[in-house]
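Reader: I am new to this structure, and I would like to learn how to read it step by step. Could you take me through its features slowly?

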Amino acid sequence: MMLEFIQHLVNGLSLGSIYALIALGYTMVFGVLQLINFAHGDVYMLGAYIGMYTAHFFQLGQNSSVLALIFTITVSMITCAVVGFLIEKFAYRPLRKSPRINVLITAIGVSLFLEFSGQLLFGPDPKFFPQIFKPSGDWSIGELKINPLQILVFFISIILMSVLQTIIFKTRLGRAMRAVSFNHDLASLMGIPTHRIISYTFMLGSGLAGAAGVLVGLTYPKIDPLMGTMPGLKAFVAAVLGGIGNITGAVIGAMTLGLAEEFLVGYWAPTYRDALAFGILILILLFKPTGLFGVKQTEKV
Amino acid sequence: MNKSSGVQSTGLTQEKLLEVEKVSVYYGAIQAIREISFHIAQGEIVTLLGANGAGKTTVLRAISGLIKPSQGKISYRNEIISKLSPDQIVRRRICQAPEGRGIFLNLSVFENLDLGAWTAPDPKTFDKDLNQVFELFPRLGERQNQNAGTLSGGEQQMLAIGRALMGHPELLLLDEPSLGLAPQIIEKIFEIIQKINCDGMTILLVEQNALQALHIAHRGVVLEAGNLVTQGTAQMLLSTDEIRKAYLGE
């Protein structure tokens, strides 16, 4: 009984930390632009493919090591950051003064563009993600067996999230990001170049999605061009659950969702895995639309 | 408030620092200001007066680049700035303390001041500037780690002014610094404005509180329903009967 519980707990935390990495991008972009960037899940898909191609190119599947993993994650993060920069620059920036609905439709368009470009470039069939880090077997503590990969995924995510936390709350760039999310005009009166800060925000969020892509490839090594849709939507639900725009909320929302999914699958109804997230979304929107940690938006007078 | 000493120590020159020429601004189809022209010389306090909705804040937004004039131009040190973006204008050393709650309520007092120094010409002067602001407004020093949202109205206004000073302005734009504040605090803020001016800073002071503003200003510009109705020296405006009636409540 206890063993099973711990097993589900570990799975849930590992899954939740991947949702968290994606949810952070949603919530950060929403913070600065009040935009739900529906293409974000597809950036995560690109992250997985970039990781795969990097591993093939440098033949990291044969010499698996922590270094190979860190290298792959870094390449994927940087490439995804560039993709995020380009998406913002060419798809969203020209619409900065347009009604929000136009931007939202554009986001859906970008998402479709990435998904079907992915099918064209990578092929529609699932591909196998190389084992860039191969643990030498499960860790056993008594009868408990834990896959070290899941612990690794959890810790890498925690490290990345701490770095993000430091950037946002301790650096001048983070200060500027928070200023822009408070009010664009006011931030520009400080001389803050708001466009550039928005670009940086997209780059940070997309970089984290890239890392999530590699980590998922590592634990569930089958990747395909549409793999971003479901985790993207779920991470969005996680961000709404935590209160969209709230960094800490996104992480807690994602962890909650990951754990809830695992326990649901483990103890009750495996077939309802995907329904859970949307059930939560409906409940949140009905009873607490600002999310667990969101504050009510105050209208400026 | 001692005006005469202020005038003497600044040593007014006739050099135009900022020139607003026939500027009109529309919000959609509605004309907010119509062909407004005035200038500010180096070292002056010029006050922009008028009732609520007269277009004072619109003039300020046009100067700081938040809205583009549909006609006319604004130049600063003989360079046309009305086509530049707000952050480029701040880099020309025109800093604004925005109206009302124009501070970042989600950041601490220190973080607000730090963002004010975003375009400061020399990062090495940061600590010195910070101490100067704390000398001017000791309350801000005591509360530097507090969230700006927890400050009182007067303290928020002090923060807005202090933050603008962190950017080393040559021209300081103040939008209704007395709005919603108790009389003693207004007096204190006006004293500080005068002190900053005596130290050589040029100031554009937007005010509804005309009498108090004209007591520290060198010149005044009066707006009414988007039109400039009169401008002149503070003494002249204070002695004109119509102005006294219409704007000074006498």
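Author: What follows takes up each chain as a whole, then a helix, a residue, the domains and the contact between the chains. Please keep in mind throughout that this is a predicted model.

Reader: Where should I begin with chain A, and what is its secondary structure?

Author: A good start is to list the elements and then look at overall dimensions. Chain A has 11 helices and four strands, and its C-alpha atoms fill a box of roughly 60 × 45 × 35 Å along the principal axes. Because a compact globule of 301 residues would have a radius of gyration near 19 Å, the 19 Å of chain A agrees with that expectation.

Reader: How much of chain A is buried, and what share of its contacts joins residues at least 24 apart?

Author: Burial is judged by counting neighbours around each residue, and 49% of the 301 residues in chain A come out as buried. For the contacts, one looks at how far apart the partners lie in sequence: among those in chain A between residues at least 6 apart, 79% join residues at least 24 apart.

Reader: Is helix α6 of chain A mostly covered or mostly open?

Author: One goes through the helix residue by residue, and for α6 of chain A, which spans residues 172-182, the result is that eight of its 11 residues are buried, leaving the helix mostly covered. The buried residues include G174(A), M177(A) and V180(A), and the charged-looking names R175(A) and R178(A) are also on that list.

Reader: What do the buried residues of α6(A) pack against?

Author: Their partners come from both chains: within chain A they pack against α1 (2-33), α5 (148-170), α7 (184-189) and α8 (194-219), and from chain B the partner is α4.

Reader: Why does V82(A) count as partly exposed?

Author: A residue is called buried when 20 or more other C-beta atoms lie within 10 Å of its own, and exposed when 12 or fewer do. V82(A), which is found in helix α3 (residues 66-92) of chain A, has 14 C-beta neighbours inside 10 Å and therefore counts as partly exposed. Distance along the chain can be set beside distance in space as well: V82(A) and I282(A) are 200 residues apart along the chain, and their C-alpha atoms are separated by 34 Å.

Reader: How does chain B read when it is taken in the same steps?

Author: Chain B comes to 11 helices and 10 strands, and 47% of its 250 residues count as buried. Its radius of gyration is 17 Å, which agrees with a compact globule, because 250 residues would give a value near 18 Å.

Reader: Into which domains is chain B divided?

Author: A domain need not be one unbroken stretch: in chain B, domain 1 takes 1-82 + 170-250, while domain 2 takes 99-169. Their centres, taken over C-alpha atoms, are separated by 23 Å, and 16 residues of domain 1 are in contact with nine residues of domain 2. On the domain 1 side, β7(B) gives the most, with four residues, and that side divides into 11 nonpolar, two polar and three charged residues.

Reader: How many residues does each chain give to the contact between chain A and chain B?

Author: One counts each side separately, which gives 20 residues from chain B and 14 residues from chain A. On the side of chain B, α3 (86-91) and α4 (109-116) are the elements that give two or more residues, and by class this side has nine nonpolar, seven polar and four charged residues.

Note on methods: Residues are numbered from 1 along each chain as its sequence is written. Chains are lettered from A and ligands numbered from 1 in the order in which they are written. This is a predicted model: local features need pLDDT of at least 70, side-chain atom pairs count only at pLDDT 80 or more; totals for chains, interfaces and linings use all residues. Domain bounds come from an automatic or database domain assignment. Two residues are in contact if their C-beta atoms, placed from the backbone, lie within 7 Å. Ala, Val, Leu, Ile, Met, Phe, Trp, Tyr, Cys and Pro count as nonpolar, Asp, Glu, Lys and Arg as charged, and the others, Gly among them, as polar. The radius of gyration is taken over C-alpha atoms; the globule rule is 2.2 Å times the number of residues to the power 0.38.
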